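Welcome, and thanks for taking a look at this one with me. Please have the structure open as you read, and turn it as each point comes up.

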Amino acid sequence: MNKNSLRLAAWGAVLLLFWGCAPKYNITAAYDEEKPYRVALLPVANETNDLDGPPIFRKYANIYLVAKGYDVPDLVDVDRVLAEEFDVQEGGQLNAVDPVELGKVLKCDALVYVTITEWVKHTLGVYTDMIVAGKFEMLSTKDGAVLWQVPDQRYTKRKIADPYSAAMVTVQYLLKNYEPTVDHVVNGAFKTLPSLEEHKRLLRQPKQKG
């Protein structure tokens, strides 16, 4: 077998397996009552030891929150207010901040909290796994009540390959190509959040007579 044939065989041996659990989520009665419009995305909290995750998570959360039609304040402005008014520099410090007080300063209807709960990368033999998980929550700035919640959204990406391809996969992870996996997690969570267009459709529906 020539070199080109070996290369084709090696690539052909690569098998991509993906596990993405359908998220369990909760949209409360308070969400339906308040129908928040202006929503601030706060810095991402991180329960793992990997420092690469928070900015990537926040980047995609911002994209999908805006795509849902919400009025999302600029992230730089949110971070400035947190630093200057509440002495908060990172997501892990947000537990000390009252969402009602923060909402008043940001002039927002609700706040979105994101926490990375798992960020695992490992290679064993010909297997290379990337496991990412997070939790997502929207709180009312009226009283701090939960409006929307995804307590555990996770995604596992596994590559099974021969040694030649496994080496290439390892190089890919060394280059920190995590964004597609994070995108999958964040997108899966935000798919459960109603859009403002859905609000409008509900408002146009005639009320049922009792």
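The numbered points below go from the overall picture to two helix pairs and then to single residues.

1. A word on what you are looking at: this is a predicted model. The protein has eight helices and seven strands in its secondary structure. Of its 210 residues, 42% count as buried. Among the contacts with a separation of 6 or more, 75% join residues that are 24 or more positions apart.

2. A good place to start is helix α7, residues 179-190. How does its span agree with its twelve residues? At 1.5 Å a residue the helix should span 16 Å, and its end C-alpha atoms are indeed 16 Å apart, so the two agree. Which residues of α7 are buried? They are Thr181, Val182, Val185, Val186, Gly188, Ala189 and Phe190. As background, an α-helix has 3.6 residues a turn, so residues three or four places apart point the same way.

3. Next, look at how α7 packs against helix α3, residues 53-67. Two packed helices are described by the angle between their axes and the distance between the axes. Here the angle is about 40° and the axes are 9 Å apart. The two helices are therefore oblique to each other, and their crossing is right-handed. On the α3 side the contact is made by Ile56, Phe57, Lys59, Tyr60, Ala61, Tyr64 and Leu65. On the α7 side it is made by Glu179, Val182, Asp183, Val185, Val186, Asn187 and Phe190. Sorted by class, this contact has ten nonpolar, one polar and three charged residues. Val182, Val185, Val186 and Phe190 of α7 are worth picking out, as they belong to this contact and are also buried.

4. Thr181 deserves a point of its own. This residue sits in helix α7. Is Thr181 buried or exposed? Its relative accessible area is 3%, under the 20% cut-off, so Thr181 is buried. Setting aside neighbours within four places in sequence, Thr181 is in contact with Met130, Val132, Tyr155 and Lys157. Val132 lies 49 residues from Thr181 along the chain, yet their C-alpha atoms are separated by 7.1 Å.

5. The second helix pair is α4 (residues 75-86) and α5 (residues 99-106). Their axes are 11 Å apart and meet at an angle of about 120°, which makes α4 oblique to α5. The crossing of α4 past α5 is right-handed. From α4 the contact takes in Val78, Val81, Leu82, Glu85 and Phe86, and from α5 Glu101, Leu102, Val105 and Leu106. By class, that gives seven nonpolar, no polar and two charged residues.

6. Finally, two loop residues have a backbone angle to check. Most residues other than glycine have a negative phi. Asp87, in the loop between α4 and α5, has a positive phi of about 55° although it is not a glycine. Lys107 also has a positive phi of about 55° without being a glycine, and is found in the loop between α5 and β5 (110-124). Are these residues buried or exposed? Asp87 is exposed, with a relative accessible area of 57%, and Lys107, at 64% relative accessibility, counts as exposed too.

Definitions and conventions. Residues are numbered from 1 along each chain as its sequence is written. This is a predicted model: local features need pLDDT of at least 70, side-chain atom pairs count only at pLDDT 80 or more; totals for chains, interfaces and linings use all residues. Side-chain values use heavy atoms; hydrogens and water are left out. Axes are lines fitted to C-alpha atoms, for helices over the stretch in contact, and angles run from 0 to 180 degrees between N-to-C directions. Helices (H or I, at least four residues) and strands (E, at least two) are DSSP runs, numbered from the N terminus. Angles under 35 degrees count as roughly parallel, over 145 as roughly antiparallel, 65 to 115 as roughly perpendicular and the rest as oblique. A crossing is left-handed if the near helix is turned anticlockwise from the far one by less than a right angle, and right-handed if clockwise. Contact means heavy atoms within 4.5 Å. Ala, Val, Leu, Ile, Met, Phe, Trp, Tyr, Cys and Pro count as nonpolar, Asp, Glu, Lys and Arg as charged, and the others, Gly among them, as polar. The expected span of a helix is 1.5 Å times one less than its number of residues. Buried means under 20% relative accessible area, exposed over 50%, partly exposed in between (1.4 Å probe, protein chains only).
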